[in-house]
Amino acid sequence: MRNHYQSSDIICRSDGVLDATFERFCIENKTQYVQGDRIKTLNYGGLWSITMLQLFLKLSRAEFLIRIEPDTVILRRLETLPDADVFARYQGGKRPYYQGGAMGFSRNAAKLILESKLLESEIYKQTSYGYQRFADHYRQAEEILQNEPLAATDIILSDVIAKLGFTVDDWQIAACFSHATDLHKWLISQSIDSLENYCFVHPVKCVIHPGPIEIDSLKPKLEG
């Protein structure tokens, strides 16, 4: 991300992980690192999203917040931003929502969400707003199995966005999918070079790259 955005504010918040490696990495890359308690679990409801928006308004003067997830790859810089309150890739299905692999908010939208206090609702602590992060189809081989459900922040935020009646742009420069298998099927149906049309691709769990991501470096892993 820093290779494509040399001067942008980047904020990383630790979810209760005490590891100096993260802080050191952030300092080296001129990123604002915030150590925090574990709040991504379902019993905290919308608190993770509240904290994200508060940190954005406190630590940055930027007009837009772009939330990305750790397994989102950034291929190039944005050329323009949509004229909308929120921009994210729409996910259909039985329970439509906006995918959080790359989700943008105007500064005004962030303020209005916090002022509405909707994220403080007890409803977002219910089972229907959570998921098992370490279920077999999510868990990576090296991860330790945990049974604690996490807050489904994409679904929670999508519900709040709908209640506030925000204008939302279906962000076509973000190729965001819920699962790696969905991304793989999509890639099979298209030319691998179609990735060049996107700024964000999610999830790409198999790619670890210290420098700028080149399309050619993705090909063998995605094709495999």
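User: Hi! Which strands does helix 4 lie across?

Analyst: Hello! Helix 4, residues 153–164, lies across strand 3, strand 5, strand 6 and strand 9. Against strand 6 its direction runs at about 55°. Keep in mind that this is a predicted model.

User: Thanks. What's the strand order in the open sheet of four strands?

Analyst: The order is 3-6-5-9, and the pairing is mixed. Strand 3 (64–68) and strand 9 are at the edges with a single partner strand each, so one side of each has no neighbour in the sheet. On average, neighbouring strands here are turned by 30° against each other, direction ignored.

User: And helix 2, which strands does that one touch?

Analyst: Helix 2 (residues 47–59) packs on this sheet and touches strand 3 and strand 6. Its direction makes about 140° with that of strand 3.

User: How many bridges join strand 5 and strand 6?

Analyst: Six bridges, in the antiparallel sense, with strand 6 covering residues 97–106. For a concrete example, Val-86 has Phe-105 in strand 6 as its bridge partner.

User: Switching to aromatics: how many aromatic pairs are there in the whole structure?

Analyst: A search of the whole structure turns up five. One of them is Phe-87 with Trp-171, an edge-to-face pair at 4.8 Å centre to centre with 65° between the planes.

User: Why does that pair tie together parts far along the sequence?

Analyst: Phe-87 belongs to strand 5 (residues 86–91), while Trp-171 is in the loop between strand 9 (168–170) and strand 10, so the pair links parts that are 84 residues apart in sequence.

User: Are those two buried or exposed?

Analyst: Phe-87 counts as buried because its relative accessibility is 0%. Trp-171 is buried too, with a relative accessible area of 3%.

User: Which residues make up the aromatic cluster around them?

Analyst: Phe-64, Phe-87, Trp-171 and Phe-200 form one cluster. Phe-200 also turns up in another sheet: in strand 11, Phe-200 stands opposite Ile-74.

User: What's the strand order in that sheet?

Analyst: That one is an open sheet of three strands in the order 4-11-10, with mixed pairing. Its edge strands are strand 4 (73–74) and strand 10 (174–176). Strand 4 pairs with strand 11 (residues 200–202) in the antiparallel sense over two bridges.

User: Last topic, which arginines lie over ring faces?

Analyst: Arg-95 lies over the face of Tyr-129, 4.8 Å from the ring centre. Arg-107 does so over Phe-56, at 5.0 Å from the ring centre. As for burial, Tyr-129 is buried, and so is Tyr-124.

Conventions: Residues are numbered from 1 along each chain as its sequence is written. This is a predicted model: local features need pLDDT of at least 70, side-chain atom pairs count only at pLDDT 80 or more; totals for chains, interfaces and linings use all residues. Side-chain values use heavy atoms; hydrogens and water are left out. Two strands pair if DSSP finds at least two bridges between them. Rings of Phe, Tyr and Trp (its six-membered ring) pair if their centres lie within 6.5 Å; planes under 30 degrees apart count as stacked, over 60 as edge-to-face and the rest as tilted. Buried means under 20% relative accessible area, exposed over 50%, partly exposed in between (1.4 Å probe, protein chains only). A charge sits over a ring if NZ of Lys or CZ of Arg is within 6 Å of the ring centre and within 35 degrees of the ring normal. Axes are lines fitted to C-alpha atoms, for helices over the stretch in contact, and angles run from 0 to 180 degrees between N-to-C directions. Contact means heavy atoms within 4.5 Å.
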